[in-house]
Amino acid sequence: MLFKLCDMNTVKNNTMEVFRIRPDSKVIDILLVNIDGKLFACDNYCPHRGASLSKSAISSNNQRIICYLHEFEYNLTTGKLENIPSKWMNQNSEWKKSNDLVIYKIIEKENHIYVDIP
């Protein structure tokens with residue numbers, strides 16, 4: 001199901017913005033990220049410990065989002081965890097576990113940005 005998020009020029013280069021949508025009876029906060037003109041959409045929570053990713057940093061050279069809480073780095077194309085900082089490597093293996101980042105397909109149409117929610 002397609003949900004309109006915003007106009008094409010709403011999210012400027014190398015910034016991100018949260019949009020709340022309501023598919024069916026649930027609420028989803030979608031984080032729309034613009035890295036050098038390329039758009040990415042994901043859930044606005046870190047799959048490691050649930051922190052709000054809208055407070056995080058983005059890395060334009062490798063298209064990652066870096067969670068502000070523990071600095072876990074997720075690929076915005078695949079959703080995969082790609083880096084855990086060395087300062088956390090001595091933590092319990094259960095603490096370091098993380099699901100993948102939930103990624104949504106973006107459709108650009110008639111100067112608007114939509115996300116496809118399965």
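**Contacts, charges and turns**

Analyst: In this predicted model, residues 24 or more positions apart account for 44% of the contacts with a separation of 6 or more. A contact here means heavy atoms within 4.5 Å. Residues are numbered from 1 along each chain as its sequence is written. Since the model is predicted, local features need pLDDT of at least 70 and side-chain atom pairs count only at pLDDT 80 or more, while totals for chains, interfaces and linings use all residues; side-chain values use heavy atoms, with hydrogens and water left out.

User: Okay, what makes up the secondary structure of the chain?

Analyst: One helix and 10 strands. Helices are DSSP runs of H or I with at least four residues, strands are runs of E with at least two, and both are numbered from the N terminus. Reading along the sequence, you get β-β-β-β-β-β-β-β-α-β-β.

User: How do you know that the radius of gyration agrees with a compact globule?

Analyst: The rule is 2.2 Å times the number of residues to the power 0.38, and the radius is taken over C-alpha atoms. For 118 residues that gives a value near 13 Å; the chain has 15 Å, so the two agree. The C-alpha trace spans about 50 × 35 × 20 Å along its principal axes.

User: Why is E73 called buried?

Analyst: Buried means under 20% relative accessible area, exposed means over 50%, and partly exposed is in between, using a 1.4 Å probe and protein chains only. E73 comes in at 14%, so it counts as buried. Across the chain, 42% of the 118 residues are buried by that test.

User: What makes the pair of E73 and R64 a salt bridge?

Analyst: The test is a side-chain nitrogen of Lys or Arg within 4 Å of a carboxyl oxygen of Asp or Glu. For E73 and R64 the closest N and O atoms are 2.7 Å apart, so the pair passes that test. The general idea is that side chains of opposite charge can pair when their charged atoms come close.

User: And what else does R64 pair with?

Analyst: E82, again with 2.7 Å between the closest N and O atoms. E82 lies in strand β8 (residues 81-83) and R64 in strand β6 (residues 64-66), so this pair ties together parts that are 18 residues apart in sequence. R64 is buried at 17%, whereas E82 is partly exposed at 36%. R64, E73 and E82 are thus linked in a network of salt bridges. The whole structure has six salt bridges.

User: How many charged side chains does the chain have?

Analyst: There are 15 positive and 14 negative ones, and the centres of the two sets lie 4 Å apart. Lys and Arg count as positive, Asp and Glu as negative; His and the chain ends are not counted. Each charge is placed at NZ of Lys, CZ of Arg, CG of Asp or CD of Glu.

User: How do you know that K96 has no salt bridge?

Analyst: The nearest side chain of opposite charge, E94, is 11 Å away, so the salt-bridge test isn't met. K96 is buried all the same, and it belongs to helix α1 (residues 93-96). Leaving out residues up to four places away in sequence, K96 touches H48, F72, I84, W88, M89 and Q91.

User: Then what does E94 meet in a salt bridge?

Analyst: K97, at 2.8 Å from N to O. E94 is partly exposed, at 48%.

User: What makes the phi of D24 and of N111 worth a look?

Analyst: Most residues other than glycine have a negative phi. D24 has a positive phi of about 55°, and N111 has a positive one near 65°. D24 sits in the loop between β2 (15-21) and β3 (28-35), and N111 in the loop between β9 (103-109) and β10 (112-116).

User: Why is each of them called exposed?

Analyst: D24 has a relative accessible area of 72%, so it is exposed. N111 has 52%, so it too counts as exposed.

User: Last one: where is D116, and what does it touch?

Analyst: D116 is in strand β10 and is partly exposed at 28%. Not counting residues up to four places away in sequence, D116 touches M1, L2, Y104, K105 and I107.
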